[in-house]
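Visitor: Please take me through this structure one part at a time, with each term explained where it comes up.

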Amino acid sequence: MATMEVNVPDIGDFDEVAVIELLVKVGDKVRAEQSLITVESDKASMEIPSSHAGVVKDLKVALGDKVKQGSLILVLETSGAPAAVAASTSAPTAPAAPSVPVVASPSAPAAAPVVAAAPAPAVIASPSPSSVELPHASPSVRKFARELGVPLNEVKGTGPKGRISLEDVQSFSKAVMSGDIRTQAQAQKAPAGDGAGLGLIPWPKVDFAKFGPIERKELGRIQKISGANLLRNAIMIPAVTNHDDADITELEAFRVLTNKENEKSGVKVTMLAFLIKACVAALQKFPQFNSSLDGDSLVYKQYWHIGFAADTPNGLMVPVLKDADKKGILQISAEMGELAKKAREGKLSPAEMSGATFTISSLGGIGGRYFTPIINAPEVAILGVCRSTMEPVWNGQAFEPRLMLPLSLTWDHRVIDGAAAARFNAYLGQILGDFRRVLL
Ligand code: CAO
């Protein structure tokens, strides 16, 4: 093995030119005549070919460096005859190979490259599958691609032997702009579904194991599906959440009484059943909350199917209680119990999870005060409910202990406005405070 230096050959009238592209890296195997770097003056760009074949041992130039005839580009490890090496290294300003660069006019990228009396063109004539191979394109096309930021190695050439034409670069660029294709860099920065179209910075990559022991577990199927849905809904819906409290003192007493009366039936009534019924009344009074956006139209649904979030070992599921307007509290409770059981056992059918017009997410059995639920598209609102607490409420003369239920209504601002949301919550509170109001 011998080493030899490769220098910038005679590049014509140019004094100093800037290195604008490094076409090889240390360790690359290069052929004689293979382009090593691209340099650019204010008039033209050109590729500097290698005088010999070998493996790049040391790269002596960096992007932005100014070079001129005789500047050292790189050191090659060659298996060639020592005599040739000696000749070349001893005469660094006069490369042994016929390394005449190809010069392209920057003002006319479409024009055929001007080859300055070159016995051997510097542009690779026929690409091989080698990883160090340059895309098969003329310097003018390469320059054009560089100006647009088009990764040439991803462009499919339609010319003879797969040569990339100016039109190929243009079509590639158009396809990227229209979103028909993504460059590898785009895909790497933003794998599908993580905000590629939003131009977000890449997700932080942290080697967690560097900071302590870790265990890696793949997300479950349900988590993956619901995660993708939640992400879309969180990003695409201009959502606002209104928080309010409902006085359920009397309703809770009625619920306890109902359960006592129905002890033998095996059906337990929870606050959620009353909430479903109260929501139906509010949805009927404010029909835009029971609608869906379809382009520029609102679709008002004449049915009231209420989804309710259920916590299951496999993740969040949303069974749908159909025709809640036609059912009484006991029937709603019984159906809800069955649906929640099926959800926990992973036995819900797709039909039992579809068609909801509004969703309730109740954390009342667990705790908390308020939260901001994410709308279940294409619905336009969702009600979050937390645990009721006994609170001192001013009745005009004194503080009275009242059982207060925290409500969090998230709504789609494209369909609903703040005033309507406040009215919806207020009305819901009135119904929960006194169910007789449903009759009015
Ligand atoms: N305030 C106070 N107590 C409440 C309450 C409230 N708002 N809501 C329910 N409770 C009580 C119930 O009365 C019951 O009390 P007892 O055990 O004394 O009878 C207890 O809390 C447990 O209720 P439950 O959770 O079994 O029944 P539910 O009808 O309220 O809810 C279901 C059913 C399936 C919705 C629920 O089990 C569940 O999965 N909740 C979680 C929903 C969820 O994860 N939401 C978040 C989604 S976003 O990630």
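**Pockets, ligand and strands**

Visitor: Which helix gives the most to the lining of the second largest pocket?
Guide: One element supplies seven residues to the lining of the second largest pocket, the most that any element gives. A pocket is an open set of points on a 1 Å grid over the protein atoms alone, where a 1.4 Å probe fits and protein lies on both sides within 12 Å along at least five of seven lines, and lining residues have an atom within 4 Å of a point. With helices (H or I, at least four residues) and strands (E, at least two) taken as DSSP runs numbered from the N terminus, the element in question is helix 5.

Visitor: What kind of model is this?
Guide: Residues are numbered from 1 along each chain as its sequence is written, and side-chain values use heavy atoms, with hydrogens and water left out. Local features need pLDDT of at least 70, side-chain atom pairs count only at pLDDT 80 or more, and totals for chains, interfaces and linings use all residues, in what is a predicted model.

Visitor: How much space lies in the second largest pocket?
Guide: Its lining has 34 residues, of which Ser-226, Met-317, Val-318, Met-353 and Asn-376 lie nearest the centre, while helix 5 (221–236), strand 16 (315–317) and strand 18 each supply at least two. By class there are 19 nonpolar, 11 polar and four charged residues, where Ala, Val, Leu, Ile, Met, Phe, Trp, Tyr, Cys and Pro count as nonpolar, Asp, Glu, Lys and Arg as charged, and the others, Gly among them, as polar. With grid points joined across faces, edges and corners, and volume taken as the space filled by probe spheres set on the points, the second largest pocket holds about 750 Å³.

Visitor: Which helix supplies the largest share of the lining of the largest pocket?
Guide: The largest pocket, with about 1000 Å³ of space, is lined by 34 residues, and Thr-270, Leu-272, Met-336, Ser-362 and Gly-365 lie nearest its centre. Its lining divides into 18 nonpolar, nine polar and seven charged residues. Helix 6 (249–261), helix 7 (271–285), strand 15 (310–312), helix 8 (329–344) and strand 18 (358–362) each give at least two residues, and the largest share, seven residues, comes from helix 8.

Visitor: How far is a polar side-chain atom of Lys-268 from an oxygen atom of the ligand?
Guide: Nineteen residues are around the ligand, each with a heavy atom within 4 Å of it, and Lys-268, Thr-270, Asp-311, Ser-361 and Ser-388 come nearest. Polar contacts are pairs of N or O atoms within 3.5 Å, and among them a nitrogen atom of the ligand is 3.0 Å from an N or O atom in the side chain of Ser-361, while a ligand nitrogen is 3.2 Å from a polar backbone atom of Ser-362. For the side chain of Lys-268 and an oxygen atom of the ligand, the distance is 2.8 Å.

Visitor: Why is helix 2 largely enclosed by the rest of the structure?
Guide: Buried means under 20% relative accessible area (exposed is over 50%, partly exposed in between, with a 1.4 Å probe and protein chains only), and Pro-139, Ser-140, Val-141, Arg-142, Lys-143, Phe-144 and Ala-145 meet that limit. Gly-149, with a positive phi near 80°, follows the helix. Helix 2 (residues 139–148) is largely enclosed because the number of its 10 residues that are buried is seven.

Visitor: Over how many bridges do strand 11 and strand 21 pair?
Guide: Strand 21 (residues 399–412) is mostly covered, with 11 of its 14 residues buried. Two strands pair if DSSP finds at least two bridges between them; strand 19 (residues 381–385) pairs with strand 21 in the antiparallel sense over five bridges, and six antiparallel bridges join strand 20 (residues 389–394) to strand 21. Between strand 11 (residues 239–247) and strand 21, where Ala-239 has Asp-412 as its bridge partner, the antiparallel bridges number nine.

Visitor: Which residue in the turn of the hairpin of strand 20 and strand 21 has a positive phi?
Guide: Across this pair, Met-390 stands opposite Leu-403 in strand 21. Four residues lie between the two strands, and the one in the turn with a positive phi, about 105°, is Gly-396.

Terms used:
Polar contact = N/O pair within 3.5 Å; in protein donor to acceptor, adjacent residues only side chain to side chain.
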